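Visitor: I am new to protein structures and would like to learn how the labels are chosen. Could you show me one and take my questions?

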Amino acid sequence: MRPSLTQRNPNKATERKFVCLLSSSEPREPVADVTSFFFFFSTLLKTMQSEESHEVVNGISEEEESKERLKSQKADRKKKKLKERLLKEAAKADNRGVCYLSRIPPHMDHVRLRQILSQFGEIGRIYLAPEDPEAQVHRKRAGGFRGQLFSEGWVEFGKKRVAKRVAEMLNGEQIGGKKKSAIYYDIWNIKYLTKFKWDDLTEEIAYKSAIREQKLNMVLSAAKREKDFYLSKVEKSRAMTEIDERMKKKRKIQEESGSNAEAAPVFPPRAIRQFRQKKSIKNETSQSKPGLSTDVLASVFGGS
């Protein structure tokens, strides 16, 4: 048996009844089912509010989605530009050439070197290795040049062919420039390094610094071990000296009291090692020098 409209959807039946009442022009009796009318009206308001809120939420979600989409597009464009720039830098790095300077003239630094070599081509990075600190101290004490000197250097050119041409053209030639300059008469000692990149230089410098640090740590650990050994021996000697002093005091007290002198324990004296010392060598150079006898001298000067 097919269910009636009220059984299938009571709210829809009430809505239908309410619409019929409003549309009919004939006067009718007031609706008896007031509760159903208010229930329908409240459900209608709720549905309208839910639809409005759903529209607002959908609008907000669409705006957020559009913002997120724009952000992702901007991030993708930035990544693409960065990737292109890195590829260009890698291509340029592959085309760069490095020259080695086995000697850096005095009074020359990286600024002066860049100023001289930049007239032959584009210059990238320059690294000048400082001289040995001990040699610098010795030179300053001797009254020489008090500035910073460099032992060797590396210069990076923008193109390999330019680096090769500069190395072939300048090697063994006079630096020149102004005659008043301190490096006017110095000679270039430059060589192009085949298949050598700046990364190889940085790796070598890092490797040398790591080795130097490791050696320094080894020296410090050895010095610490020696110091600890010496301090332990000093502490042991101090403890043994204190034990001897206490034993001497006990013997003195027992001898003075005279009681149980025979029963008092006799402690053997502590063995003290005696190390034979080497005698110092006397300075007998004046006696070993050959000299003329007094007779010869008397005959020479006496005859005159």
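Guide: Gladly! Accessible areas come from the Shrake-Rupley method with a 1.4 Å probe, and for residues only the protein chains shown count as cover. By that method the chain has an accessible surface of about 25,900 Å², and 56% of this belongs to carbon and sulfur atoms. The model is predicted, so local features need pLDDT of at least 70 and side-chain atom pairs count only at pLDDT 80 or more, while totals for chains, interfaces and linings use all residues. Residues are numbered from 1 along each chain as its sequence is written, and side-chain values use heavy atoms, leaving out hydrogens and water.

Visitor: Why is Arg139 called buried?

Guide: Buried means under 20% relative accessible area, exposed means over 50%, and partly exposed is in between (1.4 Å probe, protein chains only). Arg139 has 15% relative accessibility, so Arg139 counts as buried. Arg139 is found in helix H5, residues 133–141; helices are DSSP runs of H or I with at least four residues, strands are runs of E with at least two, and both are numbered from the N terminus.

Visitor: What makes Arg125 and Glu156 a salt bridge?

Guide: A salt bridge needs a side-chain nitrogen of Lys or Arg within 4 Å of a carboxyl oxygen of Asp or Glu. In this pair the closest N and O atoms are 2.9 Å apart, so the pair fits the definition. The two partners link distant parts of the chain, with Arg125 in strand E2 and Glu156 in strand E3, 31 residues apart.

Visitor: How do you know that Glu156 forms a salt bridge with Arg96?

Guide: Their closest N and O atoms are 3.9 Å apart, which again meets the limit of the definition. Arg96, Arg125 and Glu156 are thus linked in a network of salt bridges.

Visitor: Within that network, which label does each residue get, buried or partly exposed?

Guide: Glu156 has a relative accessible area of 4%, so Glu156 is buried. Arg96, at 22%, is partly exposed, and Arg125, at 37%, is partly exposed too.

Visitor: What makes Arg238 and Glu242 a salt bridge?

Guide: Their closest N and O atoms are 2.6 Å apart, so this pair also satisfies the definition. Being 4 residues apart in helix H7, Arg238 and Glu242 are separated by about one helical turn. Arg238 is partly exposed at 41%, and Glu242 is partly exposed at 33%.
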